[in-house]
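Visitor: I would like a close look at a single part of this model. Please take one contact and go through it step by step.

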There are 2 protein chains.
Amino acid sequence: MRRDMFQSEIEMNRIFERLKEAEERIERLSLLSHLGQILNSTLDHQEVRKRAIEAATQLMRAEAGSLLLLDEEGKYLFFEVALGDKGESVKKVILDVEKGIAGWVAKKGEPLRVNHPERDPRFYKEMDERIGFKTRNILCVPVRVKDRILGVLEAINKKGGEDFNEEDLSLFVSLANQVAIALDNARLYQELEEMFFQTAASLADVIEKRDPYTGGHTQRVTRYSLAVAKYLSLEPEELRRLRIASVLHDIGKIGIDDQILRKPTQLDTREVDLIRRHPKMGAEIIGHIKQLKEIIPGVQYHHEHINGKGYPEGLMGEGIPMIARIVAVADTYDAITTDRPYRKALSKETAISELKKGSGTQFDQKVVEAFLQAFHSGEI
Amino acid sequence: MRRDMFQSEIEMNRIFERLKEAEERIERLSLLSHLGQILNSTLDHQEVRKRAIEAATQLMRAEAGSLLLLDEEGKYLFFEVALGDKGESVKKVILDVEKGIAGWVAKKGEPLRVNHPERDPRFYKEMDERIGFKTRNILCVPVRVKDRILGVLEAINKKGGEDFNEEDLSLFVSLANQVAIALDNARLYQELEEMFFQTAASLADVIEKRDPYTGGHTQRVTRYSLAVAKYLSLEPEELRRLRIASVLHDIGKIGIDDQILRKPTQLDTREVDLIRRHPKMGAEIIGHIKQLKEIIPGVQYHHEHINGKGYPEGLMGEGIPMIARIVAVADTYDAITTDRPYRKALSKETAISELKKGSGTQFDQKVVEAFLQAFHSGEI
């Protein structure tokens, strides 16, 4: 009887142990599911990378996490490591794919768990020295989408002095798969976005090609606008609209005859009227694109003046959308500092003094101030 | 002593029960994580919807799953339901948001578990009649991203005659969150893609605007090309390239002077030479766009002939990329059937007989055959 009791107690303890493990596993799987949602909630590649490192650290209860991405030729790993729970210290390093545990995993495509790196010949201890960190143990798994290895995900130094176990490794492989999917979606999105911007820029290019005097105008206006925007604390979404509006601001010029665009002498009233129709025509062209509706004001009103003496509507002050006020200043600066059919380029100083002179009448004062800041800091 | 034994047995059974439940939970959480990966592995909205319904059915061990998406005004739910494990029978229905359990969940934004729908006043039993289905019990949860409700996800009739429990509901809410993220990413991607296509189409439009005779040419060529492609079993990626190449095939015309484009009389040799430069110039323009590299051949070679007598390279047969061969046929058909500066539009019959005449010399035989199939089936 005694013996039976004793045995069933051992049995019970064992089952208790299994229950505890199962409950711990449930907790971590729930966390994995939560982290997967966070990873996939953005299509910004940089943000996915940041979240991946945080997720690796949190899920693995590790001191540090890192994500190493292969370059296109598969020769180097670009290394982002976050030390500490909140990733307070982020370091960027480049690693030869022939070196280290990460290199081995990236080449072989197999996950690795190393609890005594100093005994593993693959361990590249110079990296610890470079980033000022002591690696005690490490989990390193491939980040793979379909059959393509994008890089590796690492968790370094399990907290509480413990070693990583097989359960950690299997959970970490699941996390890496989620990271791979989120990275790939973000890459696809950003490639498409770039394709859109490039196509919009080509649209501007082909328009410029007809007018030898404006070569590069769109590109410069876009650059100036974005430099100015830095000093105006725009929202990311507004910044995106500003970029598109800058690229497309002169698109309406496609509707103006070659002869007028290229005329080297003074334009007559009829010709000036025709030229002045380009903001409105540009707005009509992009008006056909549902997704560009929010860009229309930037294109349509980039020749309005703060005092209401601009065109096409004669809008005043705050009635002119911010994006259009920024493009107006950038556009004018570029027009002054480049050759025109009717005169040579003027100096930067002349342009700056023109902007100052027009501040508060033709141009928005805040925008001119931001322009001057960007100019004096060398960004323009 | 007996009593102790007995008690510890009860205790042990209880722990066993908890362990069994925990292990079952682990299995389902692992499945949830796996389904989340599948959901997020595509940016195709339709595919996400399909996978969401399958995931709902599988994870909930239900007889049917459905996804109901709100329209933009939030008045109707668009209803896709799959009956059976493999979704062999998919039905589409529109439901007033004021009606049914789904409508209530979409409006309230709260999850609902109903095990006796016939006793619930919110239950809309006409729907069962419409789709020929008997609802025994139902889980219905909001699909929400940030603070926006996109719709609701449903699991209907738990298998084995059981009722849905609280655990089912909580797991289902997690799944719905993953569905929401995947749907939102797919929507963002497809909106951006549409913006790209629209911008590319505007680029074509502005070029056409300079030449009154070609109004709508690009749109028609794109439509014809895609109709032809149906009979040539292209890969989805090739289809996408064909669409872009069709839209941009004449983009090089931007570099040709207005006077030549609009000239109503016969062109001289120099003018013909200039016009013939447009495929090459188009290729150069899109050559600046990294993401459009694969489209170049479609633009550059749409005036090549199968017998090598086309331009700019004089490529022959299979040496001409398939996309270019398709655009060539679509382009010619449209040129014949519309007014030109130098002649009125000719009949469809004339165009068809021209294509047949050129089949195997100017045009790819397979493409002409596909064109004829599309033509006779009324798609062109």
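Guide: What follows is a walk through the contact of chain A with chain B, with a short stop at a helix pair afterwards. Keep in mind that the model is predicted.

Start with how the chains are related. Chain A superposes on chain B by a rotation of 180°, with 0.0 Å of shift along its axis. The RMSD of that superposition is 0.1 Å. The two copies are therefore related as by a two-fold rotation axis. Both copies use the same surface: 98% of the contact residues of chain A recur in chain B.

Now the contact itself. Chain A gives 51 residues and chain B gives 50 residues. Take the side of chain A that touches chain B. Helices α1 (2-40), α5 (166-209) and α10 (278-287) of chain A each supply at least two of its residues. The largest share, 20 residues, comes from α5(A). By class, this side of chain A holds 24 nonpolar, 17 polar and 10 charged residues.

Next, the helix pair in chain B. Helix α7 (residues 236-248) of chain B packs on helix α12 (residues 322-337) of chain B at about 45°. Their axes lie 10 Å apart. An angle between 35 and 65 degrees counts as oblique, so α7(B) and α12(B) are oblique to each other. Their crossing is right-handed. From α7(B) come Arg241(B), Leu242(B), Ala245(B) and Ser246(B). They meet Ile323(B), Ile326(B), Val327(B) and Ala330(B) of α12(B). The residues of this helix contact divide into six nonpolar, one polar and one charged.

Methods: Residues are numbered from 1 along each chain as its sequence is written. Chains are lettered from A and ligands numbered from 1 in the order in which they are written. This is a predicted model: local features need pLDDT of at least 70, side-chain atom pairs count only at pLDDT 80 or more; totals for chains, interfaces and linings use all residues. Axes are lines fitted to C-alpha atoms, for helices over the stretch in contact, and angles run from 0 to 180 degrees between N-to-C directions. Helices (H or I, at least four residues) and strands (E, at least two) are DSSP runs, numbered from the N terminus. Angles under 35 degrees count as roughly parallel, over 145 as roughly antiparallel, 65 to 115 as roughly perpendicular and the rest as oblique. A crossing is left-handed if the near helix is turned anticlockwise from the far one by less than a right angle, and right-handed if clockwise. Two residues are in contact if their C-beta atoms, placed from the backbone, lie within 7 Å. Ala, Val, Leu, Ile, Met, Phe, Trp, Tyr, Cys and Pro count as nonpolar, Asp, Glu, Lys and Arg as charged, and the others, Gly among them, as polar. Copies are superposed by least squares on the C-alpha atoms of residues with pLDDT of at least 70 in both.
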